[in-house]
Protein chains: 2
Amino acid sequence: MRDLMTDRIEQWKARGFDPNNCPVRMVLDHVAAKWTSLILLELEKEPQRFNALGRALPDISKRMLTQSLRDLERDGMVRRKVYDTKPPSVEYSLTDVGLSFMAPFSQLLDWAEKNQSQILAARSGYDKS
Amino acid sequence: MRDLMTDRIEQWKARGFDPNNCPVRMVLDHVAAKWTSLILLELEKEPQRFNALGRALPDISKRMLTQSLRDLERDGMVRRKVYDTKPPSVEYSLTDVGLSFMAPFSQLLDWAEKNQSQILAARSGYDKS
DNA sequence: TGTATAGGTCTCACTTAGAGACTGCGTGTG
DNA sequence: CACACGCAGTCTCTAAGTGAGACCTATACA
């Protein structure tokens, strides 16, 4: 483990490690973005339309939903399909890349669930002192 | 995969799924935080002192470094040890929880490296159109 | 005496996020 | 026929977060 990660960093640095072209930042910016990963999670259940997503994620504003979806679309993780129905409807779904992201992401969620109580405990201990 | 994730969400919803007590948010807020994961990566190489970390992560400001370290400490992922030397030195290191985070996180980085070029391609395609 | 290191804190400017009103269009309801 | 509603957003305004960098206290060294 230790060597694994250290090697990774060494490799990056050897390649120049441009922070703007950094794979970490590229993926983290998504996971980071507070909403994108929740959107991915929803879309993995099933392709959904704009307002359906909005309802599934009650705390997100339309503005942020639009923006997050655009970001994901731009990176090829989500596909946007407009149906030419009477009131035009827009369906969002995962691409293959988006779907493949769910595997490692799921590992992270497993970790989160397993360690949730410890983190909570550490937090309240810290806050008390 | 699909069922795996769908089940997870169902479980959360069954438990009440309080967004403020959500394991996803709890872990994502860290990965999200733009700097915390890079700090974890640095500390996994070896325990380091405040200014050493600052030098290793040249783009971070002291203010953000302090804040990120405090957050990580609060959640029990990083340990802060003050040595009573002449100019007191402070060493930061990973806790067991912090170290255990590196495993799933590493998976995510693998994914990022594998898909980097695709994402970049999608991005420039999107930007052109 | 002046300079450097340590580990931060403080302030200010700027960017980003969120709430929520508003748009245009078509359908259903009274 | 008038009214309200759902769709898929956009726009504006304000609040919160981020980053740059000056500043602080203390010791050691030249």
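Let me start at DNA strand D. Of the 18 residues around this strand, F50(A), R63(A), S89(A), V90(A) and K86(B) come nearest. Around, or near, has a cut-off: the C-beta atom of the residue, placed from the backbone, lies within 6 Å of the strand. In chain A, α4 (50-56), α5 and β3 (89-94) each give two or more residues to this surface, and chain B adds α5. Helices are DSSP runs of H or I with at least four residues, strands are runs of E with at least two, and both are numbered from the N terminus. By class, the surface near strand D has 7 nonpolar, 4 polar and 7 charged residues. Nonpolar covers Ala, Val, Leu, Ile, Met, Phe, Trp, Tyr, Cys and Pro; charged covers Asp, Glu, Lys and Arg; the others, Gly among them, are polar.

A word on the source. This is a predicted model: local features need pLDDT of at least 70, side-chain atom pairs count only at pLDDT 80 or more, and totals for chains, interfaces and linings use all residues. Residues are numbered from 1 along each chain as its sequence is written, with chains lettered from A and ligands numbered from 1 in the order in which they are written.

Now DNA strand C. It is surrounded by 17 residues, and R49(B), N51(B), R63(B), S89(B) and V90(B) are the closest. Here chain B supplies at least two residues from each of α4 (50-56), α5 (62-74) and β3 (89-94), and chain A does so from α5 (62-74). The classes are 6 nonpolar, 4 polar and 7 charged.

Next, the two protein copies. A rotation of 180° with 0.0 Å of shift along its axis puts chain A on chain B, RMSD 0.1 Å. The copies are thus related as by a two-fold rotation axis. The fit is by least squares on C-alpha atoms of residues with pLDDT of at least 70 in both copies. Which residue of chain A comes closest to the rotation axis? A32(A), with its C-alpha at 1.6 Å.

On to the contact. Each side is counted by residue pairs whose C-beta atoms, placed from the backbone, lie within 7 Å. Chain A gives 47 residues and chain B gives 47 residues. On the chain A side, α1 (2-14), α2 (23-32), α3, α5 and α6 (96-128) each give two or more. The largest share, 21 residues, comes from α6(A). That side divides into 27 nonpolar, 8 polar and 12 charged residues. The copies meet through the same surface, because 100% of the interface residues of chain A are also interface residues in chain B.

Note on methods: Contact = placed C-beta atoms within 7 Å.
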